[in-house]
Amino acid sequence: MPFYEYACEACGREFGVMQAVTFKSENTACPYCNERKAKKLLSSFSSPGGEHSVCDTGASWGGG
């Protein structure tokens, strides 16, 4: 089951949750305020040029 990151539009806090791919963000309740105003975030792991990307570290994945 995938891990998704959300930001609550009601209280402004961020949280993560494991849920099925078919689960809709509008049905996701914030664990802090219990409002259903969660907005899915793009994690740095999956975003291009994220904090830990290969390009940022200068690492090489070729044979040596």
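## A predicted chain of three strands and one helix

Phe3 lies in strand S1, the element that spans residues 3-8. This residue is a convenient place to begin, and it should be said at the outset that the model described here is a predicted one.

### The chain as a whole

The secondary structure consists of one helix and three strands, and, read from the N terminus, these elements follow one another in the order β-β-β-α. The chain has 64 residues, of which 20% count as buried. Its exposed surface comes to about 5000 Å², and carbon and sulfur atoms supply 53% of that area. When the contacts between residues at least 6 apart in sequence are considered, 27% of them join residues at least 24 apart.

### Two neighbours in strand S1

Phe3 is exposed, with a relative accessible area of 53%. Together with Met1 and Met18, Phe3 forms a nonpolar patch on the surface, and the accessible area of these residues together is about 400 Å². If the neighbours within four places in sequence are left aside, Phe3 is in contact with Gly16, Val17 and Met18, so Met18, a member of the surface patch, is also one of the contacts of Phe3, where contact means heavy atoms within 4.5 Å.

Tyr4 is likewise found in strand S1, but Tyr4 is buried, with a relative accessible area of 17%, because a residue counts as buried when its relative accessible area is under 20%. Not counting residues up to four places away in sequence, Tyr4 touches Phe15, Gly16, Val17, Gln19, Ala20, Val21 and Lys40. The C-alpha atoms of Tyr4 and Val21, which are 17 residues apart along the chain, are separated by 9.3 Å.

### The nonpolar core

Which residues make up the largest nonpolar core? There are six in all, namely Tyr4, Tyr6, Cys8, Phe15, Cys30 and Ala38. Strand S1 gives the most to this core, with three residues. Ala38 belongs to the core, and, leaving aside its neighbours within four places in sequence, Ala38 is in contact with Tyr6, Ala7, Cys8, Phe15, Ser25 and Thr28. Among these contacts of Ala38, Tyr6, Cys8 and Phe15 are themselves members of the core.

### Cysteines without a disulfide

A search of the whole structure finds zero disulfides. Why is there no bond between the sulfur of Cys11 and the closest cysteine sulfur, in Cys30? The two sulfur atoms are 3.7 Å apart, which is too far for a bond, because a disulfide requires a pair of cysteine sulfur atoms within 2.5 Å. Seen from the other side, the cysteine sulfur closest to that of Cys30 is the one in Cys11, again at 3.7 Å. As for their surroundings, Cys11 is partly exposed, with a relative accessible area of 32%, whereas Cys30 counts as buried at 1% relative accessibility.

### The loop between S2 and S3

Strand S2 covers residues 14-18 and strand S3 covers residues 38-40, and Glu26 is found in the loop between them. Asn34 is found in this loop between S2 and S3, as is Glu35. Asn34 has a positive phi of about 70°, although this residue is not a glycine.

| Loop residue | Relative accessible area | Class |
|---|---|---|
| Glu26 | 49% | partly exposed |
| Asn34 | 61% | exposed |
| Glu35 | 37% | partly exposed |

The C-alpha atoms of Glu26 and Lys37 are separated by 6.4 Å, while these residues stand eleven residues apart along the chain. For Glu35 and Cys11, which are 24 residues apart along the chain, the separation between C-alpha atoms is 8.5 Å. Leaving aside its neighbours within four places in sequence, Glu35 is in contact with Ala10, Thr28, Ala29 and Cys30. Through Cys30, Glu35 therefore touches a member of the nonpolar core, where contact means heavy atoms within 4.5 Å.

Key: Residues are numbered from 1 along each chain as its sequence is written. This is a predicted model: local features need pLDDT of at least 70, side-chain atom pairs count only at pLDDT 80 or more; totals for chains, interfaces and linings use all residues. Side-chain values use heavy atoms; hydrogens and water are left out. Patches are made of residues with over 30% relative accessible area and no salt bridge: like charges are joined within 9 Å, nonpolar side chains (Val, Leu, Ile, Met, Phe, Trp, Tyr) within 5 Å. Accessible areas come from the Shrake-Rupley method with a 1.4 Å probe; for residues, only the protein chains shown count as cover. A salt bridge is a side-chain nitrogen of Lys or Arg within 4 Å of a carboxyl oxygen of Asp or Glu. Helices (H or I, at least four residues) and strands (E, at least two) are DSSP runs, numbered from the N terminus. Buried means under 20% relative accessible area, exposed over 50%, partly exposed in between (1.4 Å probe, protein chains only). A nonpolar core is a set of buried Ala, Val, Leu, Ile, Met, Phe, Trp, Tyr and Cys residues joined through side-chain atoms within 4.5 Å.
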